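Open your viewer and keep the selection panel at hand. We will take a short walk through the model, stop by stop.

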Amino acid sequence: MQDHKISFTGTEDYIASKELQNSVNVAVALGRPLLIKGEPGTGKTMLAQSIADGLGKKLLIWNIKSTTKAKDGLYIYDTVQRLYDSQFGDHDVSDIRHYIKMGRLGEAFLASVQVVLLIDEIDKADLEFPNDLLWELDVMNFNIPETGETVHARHRPIVVITSNAEKELPDAFLRRCIFHYIAFPDAAMMSDIIAVHYPDLEQKLLDEALAAFYWLRGIGSLQKKPSTSELLDWVQALTVGGISPEQIGEELPFLGVLLKKDHDFTTVLQRLHNEGAQAKPASRFPHLR
Amino acid sequence: MFINFFYLLKAYGVPVTITEWMMLTEALALGMAHSSLTGFYHLGRAVLVKSETHYDRYDLAFYSYFQGIETPVELTEKVLQWLEKALPPRYISPEERQKFQEWDLDELRRQLEQRLKEQDGEHHGGSNWIGTGGTSPFGHSGYHPAGIRIGGEAVNQSAVQVAAQRNFRGFRTDTTIGVRQFEVALRKLRQLSSKEEGPREELDLDETVQETGNKGGLLQLVWTRGRKNMVKVALVMDSGGSMDPYMRICSQLFTAMNRSSHFKDLRFFFFHNCIYQHLYQEPSCSLSSAIRTDDFLRMLSPDYKLIVLGDASMAPSELTMPGGSIDWSYSNDEPGIAWLQRIKNHFDHAVWLNPIPAHFWARVTGNYTIAKIRSIFPMYELTVEGLEGAIKKLKVRQ
Ligand SMILES: Nc1ncnc2c1ncn2[C@@H]1O[C@H](COP(=O)(O)OP(=O)(O)OP(=O)(O)O)[C@@H](O)[C@H]1O
Ligand SMILES: [Mg+2]
């Protein structure tokens with residue numbers, strides 16, 4: 001049990017809160033999957049890359065879709081290829097092993113060094129999916145009935161699982177995970193995140209953009225609150241568009257970058273109109289630095 | 001060790017089990033709490049709590065257990081180093097700005113639009129366009145590590161103070177529903193055709209390919225008896241103004257229904273406040289999407305399970321008087337309540353889901369019409385429990 005000595009502290013391109021670092025390190029030390037939840041755009045997917053970079057390991061990504069089956073992650077028996085080959089008789093179809101391909105989890109098990117395995121958006125899959133993976137994640141091996149072989153993990157991969165779901169995954173699954181909810185960044189942390197992407201941003205512009213952004217997020221009736229990625233896009237649009245800091249609070253330029261729903265758009269414009277110039281976002285939001 | 005804390009957590013409603021407690025013990029043995037209460041606070045939360053909706057309960061339990069124990073958090077070398085790294089950001093020089101302005105604005109807008117389009121779907125994330133995609137005028141140059149932040153909390157705060165802040169209180173109220181929960185509940189709405197009866201007449205493609213492959217290419221046809229979900233559902237939703245506050249939860253149900261691929265048939269209809277001689281196929285209730293309620297009843301056989309979703313709150317006249325429709329341009333010869341009764345009578349199974357929590361039904365402004373409508377339709381609140389109750393009702397044999 002020496003492994004827990006290495007520790008994750010974030011990377012240059014990824015701001016991880018102390019709590020998040022802590023959760024990562026606990027998961028790594030205990031060899032448990034780390035389940036990450038959080039609003040869209042809070043850096044769940046990127047965390048896995050950052051862990052891999054930070055710990056100097058390779059990252060394998062398993063993107064989950066609604067049709068993904070747990071078994072796909074272990075291996076795929078390409079019966080169609082075998083059938084195809086058998087028609088021409090120029091392949092040795094008698095050896096099933098030629099037609100077994102490793103899935104992402106299988107690959108992670110067979111890697112010669114420890115890897116980071118990201119199971120991204122697990123909530124997309126069927127409800128039974130997480131339960132179907134329990135056994136393999138627990139015992140770190142699986143069986144291939146077609147060949148009678150058992151695949152053992154050479155090194156227990158660091159497993160990061162992300163989910164957007166507003167409601168829980170199966171209890172049995174949860175019990176085995178280390179859980180971390182990435183809270184939406186506060187203004188101070190957000191300016192750090194922005195600084196990672198745009199290190200040379202004018203302070204005044206940043207302040208105004210953040211003030212407007214948190215003012216927007218504070219509007220209760222929005223259907224879809226703008227997220228970090230939208231803010232990053234917006235900051236870019238503002239800079240490239242040569243918008244002056246003063247304009248930001250007054251006009252909310254490029255608002256379409258932040259809001260995706262017509263309904264939200266109208267709501268915000270109405271607010272802006274009603275509250276008028278005397279209540280500009282910046283004056284409504286306590287100063288940031 | 002700390003075993004009473006375990007029971008206290010349970011008492012506060014954090015569903016901890018022995019599995020997790022063992023995990024915590026293991027982590028403590030590895031020194032993962034870093035010999036501090038703050039360390040223990042975070043470790044415990046990561047290992048014992050599996051949902052942000054329980055963070056607040058954890059905080060309460062932690063506070064009540066460790067209250068009075070205050071360990072100062074040490075300002076270590078490292079922390080000071082981090083603080084020093086927060087360099088003041090540089091300004092963009094006029095030359096640099098000039099470069100950005102030369103960038104074609106239309107092109108940028110086009111790309112942003114493209115990006116928005118891509119983001120509109122269900123998957124919101126993972127885009128690297130800004131910063132790393134190479135299309136960005138920013139991102140790769142003049143880069144400096146901005147320093148690593150130390151959580152969202154003041155450095156010298158104790159764990160007990162953090163717990164007392166109850167930062168996750170807000171998440172509790174969000175806990176009642178979600179698309180996924182609705183989906184789980186909707187799964188129960190199925191009535192399968194029998195597997196014991198009938199001929200094996202469906203080609204099982206997967207099994208056929210599998211078996212044929214297993215036999216190295218010798219074709220093996222596999223037949224099966226299909227087992228189909230026989231349930232057909234019609235969801236009729238109120239899209240009137242008083243429903244606005246419930247838009248989110250209603251669209252969650254809508255999404256969950258849409259994702260439920262297991263129904264034999266699923267139809268959506270809309271109305272505005274109350275149902276009269278027309279229903280609509282668009283939430284906007286535009287005239288062009290109108291169908292006659294009579295035709296609706298003709299179109300849907302009585303074995304459709306009817307779910308009406310609405311707040312059932314309106315002016316009494318809208319429900320009980322001819323000509324009572326809220327739209328002054330719309331005239332109804334029969335009162336809404338007669339239409340509701342007719343619809344209810346048509347279907348073998350019908351329920352009403354109300355986004356207003358049940359304990360308010362007698363008290364809200366719409367209490368009169370809610371009571372009236374409840375006398376016709378069995379009414380359930382739009383929560384997971386409510387939906388489950390409604391589904392039970394929809395499955396009762398008559
Ligand atoms: N802590 C952070 N440090 C640096 N960049 C961040 C951070 N959080 C978010 N970002 C930026 O926001 C973008 C969105 O992050 P990411 O795709 O990882 O979010 P997500 O939580 O996986 O979103 P989704 O739920 O939509 O999949 C990233 O490309 C990254 O640029
Ligand atoms: Mg993601």
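Select A:K44 together with ligand 1: an N or O atom in the side chain of A:K44 sits 2.7 Å from an oxygen atom of the ligand. Bear in mind as you look around that this is a predicted model.

Now add A:G41 to the selection. Here the backbone does the work of approach, with an N or O atom 2.8 Å from an oxygen atom of ligand 1. Then bring in A:I15, where a polar backbone atom is 2.8 Å from a nitrogen atom of the ligand. Switch on a surface and see how much of the ligand is left: the protein covers 96% of the 630 Å² of accessible area that ligand 1 has on its own.

Which elements give two or more residues to the shell around ligand 1? Colour α2 (44–55), α8 (187–197) and α10 of chain A to see them. The shell holds 22 residues, and those that come nearest are A:I15, A:G41, A:K44, A:T45 and A:H197. Before moving on, colour by chain: residues from both A and B surround ligand 1, so the site is shared between chains.

Next, select A:S227, in the loop between α9 (203–217) and α10 (228–240) of chain A. Is A:S227 buried or exposed? Its relative accessible area is 3%, and because buried means under 20%, A:S227 counts as buried. Show its surroundings and you will find A:P40, A:G41, A:F184 and A:F213 in contact with A:S227, leaving aside residues up to four places away in sequence. You have met A:G41 already, with its backbone atom 2.8 Å from a ligand oxygen.

Zoom out to the whole of chain A. It has 14 helices and 9 strands, and 58% of its 289 residues are buried. Among contacts in chain A with a separation of 6 or more, 73% join residues 24 or more positions apart. The chain exposes about 11,900 Å², with carbon and sulfur atoms supplying 51% of that area.

For the last stop, cross to chain B and select helix α13, residues 247–259. At 1.5 Å a residue, its 13 residues should span 18 Å, and the end C-alpha atoms are indeed 18 Å apart, which agrees. Highlight B:I249, B:C250, B:Q252, B:L253, B:A256 and B:M257, which are buried in α13(B). Looking down the axis, you can see why they belong together: they cover an arc of only 155°, which puts them on the same side of α13(B).

Note on methods: Residues numbered from 1 in each chain as written. Chains lettered and ligands numbered in written order. Predicted model: local features only at pLDDT ≥ 70, side-chain atom pairs only at ≥ 80, totals over all residues. Heavy atoms only, no water. Helix = DSSP H or I, 4+ residues; strand = E, 2+ residues; numbered from the N terminus. Expected span 1.5 Å × (residues − 1). Buried < 20%, exposed > 50% of the residue type's maximum accessible area, 1.4 Å probe, protein only. Arc of directions from axis to C-beta. Contact = heavy atoms within 4.5 Å. Areas by Shrake-Rupley, 256 points an atom, 1.4 Å probe, with all protein chains shown as cover. Near = heavy atom within 4 Å. Polar contact = N/O pair within 3.5 Å; in protein donor to acceptor, adjacent residues only side chain to side chain.
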